[in-house]
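Hi everyone, thanks for coming. I'd like to walk you through one protein model today, starting with the whole chain and ending with a few single residues. Have a look at it first.

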Amino acid sequence: CIRDSLDAVQFHTHRTDLWNAVRGGEFPEKMGFKMVATINAAGTWRDSYGKASAYVYRVHPDRSFAGRWDRKHLCFNAPVVRTRIIPENYQKLPARLKPDQVWIDENIITVNLCWCEHCKRLYRGQYESEPPTELTQDNHGEWTRWVTFHRASFERWMEDVRKAVDATDPQILVTFNHAWFVEQPETPPPYIKNLSADIHKDPLELGIYARYGGSSAIPFDLMPGLGDDIWAGVHPKSLDRVLNDIALIIAHGGRWNIGEFPTNYKNVRGEPKYRGNGRRPADVYLDRARQGAEFSRKRQPFCQHSRPVPYVALLHSASTHYDHVIWNVNGEGGSGGFGKTSDGTFRQNQPGKINSRVYWPNNNPIDESLVGAYQALLENHVHFNFTIEDRLADDLKDAALLV
C-alpha cells in the first residue's frame, strides 16, 4: 500500500530464513527499499546476555542495578563486550544478514553511572584514585571526572562497534539512536554518518529535535509514533496529527521514520506502561502510514537536505548540558513518591538512583531552559538555528543575535 514511498524497512528479527525469503522474492529491488537490521546489545535486551558471570550489569555503589526502569544494562566496560558481544552482534551477525544498515536502539538512554568492578578498576588505573560514590559540595571536579569517564566509555563502545561492522562491510550504515543528537551536543566523529532519534508524541520536543537535526551538517531522521497512547498502542493519532509530525521533520530537511509495528498487535506484555489488553486497529495504522508516506514523498524534492537561513543562533552548550547532568545525577526524587520517567510513565522514586543516566539532566532528555528558549523564539516568529560550542564561531558569522 505504500509502494514507491519506502526507503528502508527495519527488521527486529535476525532469522536467516526470513532475511533470505525477503531477498529471494526480490522485494527490496521491486519496492526500492533497503534492509535494516535492528541490533541492540549492551542496552536493555536482557535475553541477549544469558546468565554467565562474565555478563556484568551496571550497578550503584550498593550493588543495586543502575538502569532504566528496573531493566538491567550490560556495562560497556565489561571485558565480555569486546570478547563476545561486539564480535558476535556487530561482526558475525552483519556478515550473515548482509544488511544495508545496522540500527542500534537502547544505547545513549541507558548510559548510567556504574560502580561495577571493571569500571572502578579502569578509573583507578586512569586517575590513581577511587571513584566518588556521591556528589558533595566539595567534590564537584572529581564527580565531573567520574561522569566524563562514563561518557568516554560510551563513545569508545560506539567506535568499537563501528570498526566491527566495517570489518564485515564498510558500506553498511551504522546508526546509534539518539547519539550525538540533543542529549549529546557535540560534533559527531567521522564514523557517525547520520543522526536518528525517536519521539513518541510530544510536538514541542519533536520540533526541538527537528530544528537541531536541521542545524547539523549530516542527514537525520526522526521517528514519531502513529499512536496517541504508547508505542504499538491501540489509539491511532488523527491524520492531522500525523501530517503535522511529518511536516515538522521534513521542513527541517530530515526523513520521517515510521515507528510502529504493522500488525494486529495485542497489548499483553507485562511491562507497567502496557495498561491492559486491547486489540490494535492495524488497518487504521497502516492507512496513516500510507497517507503519511505519500505526503512526505511528494514534498521530498524541495525539503530534503534543505538548510535554514537563521537570524538568531540558539546555543545548546555541551558544558552547560553536562553540568546539569552532573548536578542532577545524584538528586533524590523524594522518598516513597513517584517520578515521571522519560518514557512518560511513573515509577516509584529511589533516592539517589532515579537520575543516574549521564546524558539526561534530571531524568529529562532536554533541560527546561532550552525548551523555554526554543518555545519563546518559536512563538515570537523569530527565525533561528541551533548552534553548539564546537561551531559557535562559524555560526555567529551568519547570525545577528546569540541566545
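Before I give you a surface figure, a word on the term: accessible areas here come from the Shrake-Rupley method with a 1.4 Å probe. By that method, the accessible surface of the protein chain is about 18,900 Å², and carbon and sulfur atoms account for 50% of it. Please keep in mind that this is a predicted model.

Now the overall picture. The protein chain has eleven helices and twelve strands. Of its 403 residues, 49% are buried. How do the contacts run along the sequence? If we take contacts between residues at least 6 apart in sequence, 71% of them join residues at least 24 apart.

Let's go inside. As a general point, nonpolar side chains in soluble globular proteins tend to be buried together. In our model, the largest nonpolar core has 93 residues. Which of them have the most contacts inside it? They are Y90, F154, W157, F176, F181 and L222. Helix α5, residues 140–168, gives the largest share of this core, with ten residues.

Let me pick out F176 from that group. Leaving aside neighbours within four places in sequence, F176 is in contact with I104, N107, W157, M158, V161, I192 and S196. You'll recognise W157 from the list I just read, as another residue with the most contacts inside the core.

Next, the empty spaces. How many cavities of 30 Å³ or more are there in the whole structure? The search finds one. The largest cavity has a volume of about 50 Å³. If you want to find it on your screens, look for its lining: R58, C75, F76, N77, V111, N112, C114, C119, H150 and S153. By class, that lining has five nonpolar, four polar and one charged residues.

There is also a pocket I'd like to show you, the second largest, with a volume of about 370 Å³. It is lined by 24 residues, and the closest to its centre are S215, S216, A217, R307 and R391. Two elements give two or more residues to this lining: α6, residues 203–215, and β11, residues 384–387. Its lining has 14 nonpolar, four polar and six charged residues.

Now for some backbone details. K98 is not a glycine, yet it has a positive phi of about 55°. K98 is in the loop between α3, residues 79–97, and β3, residues 101–104. Is K98 buried or exposed? Its relative accessibility is 55%, so K98 counts as exposed.

E128 also has a positive phi, near 55°, and is a residue other than glycine. You'll find E128 in the loop between α4, residues 117–127, and α5. E128 is exposed too, with a relative accessible area of 75%.

Back to the loop between α3 and β3, where P99 also has its place. What about its accessibility? At 5%, P99 counts as buried, because the cut-off for buried is under 20% relative accessible area. Not counting residues up to four places away in sequence, P99 touches W19, R23, M35, A37, P94 and I172. I172 is 73 residues from P99 along the chain, and their C-alpha atoms are separated by 6.9 Å.

One of those partners, M35, deserves its own moment. M35 lies in strand β2, residues 34–38. With a relative accessible area of 1%, M35 is buried. Its contacts, leaving aside neighbours within four places in sequence, are V9, F11, W19, V22, R23, P28, P99, D100 and Q101. For D100, the C-alpha to C-alpha distance from M35 is 5.5 Å, with their positions 65 residues apart in sequence.

Last one, I promise. M31 is in helix α2, residues 27–31. M31 has 25% relative accessibility, so it counts as partly exposed. D7 is 24 residues away from M31 along the chain, and their C-alpha atoms are 8.9 Å apart.

That's my tour. Thanks for listening, and I'm happy to take questions.

Key:
Residues numbered from 1 in each chain as written. Predicted model: local features only at pLDDT ≥ 70, side-chain atom pairs only at ≥ 80, totals over all residues. Heavy atoms only, no water. Helix = DSSP H or I, 4+ residues; strand = E, 2+ residues; numbered from the N terminus. Buried < 20%, exposed > 50% of the residue type's maximum accessible area, 1.4 Å probe, protein only. Contact = heavy atoms within 4.5 Å. Core = buried A, V, L, I, M, F, W, Y, C linked by side-chain atoms within 4.5 Å. 1 Å grid on protein atoms, 1.4 Å probe; cavity = no way out; pocket = protein on both sides within 12 Å on 5 of 7 lines; lining within 4 Å. Points joined across faces, edges and corners; volume = space filled by probe spheres on them. Nonpolar A, V, L, I, M, F, W, Y, C, P; charged D, E, K, R; others polar.
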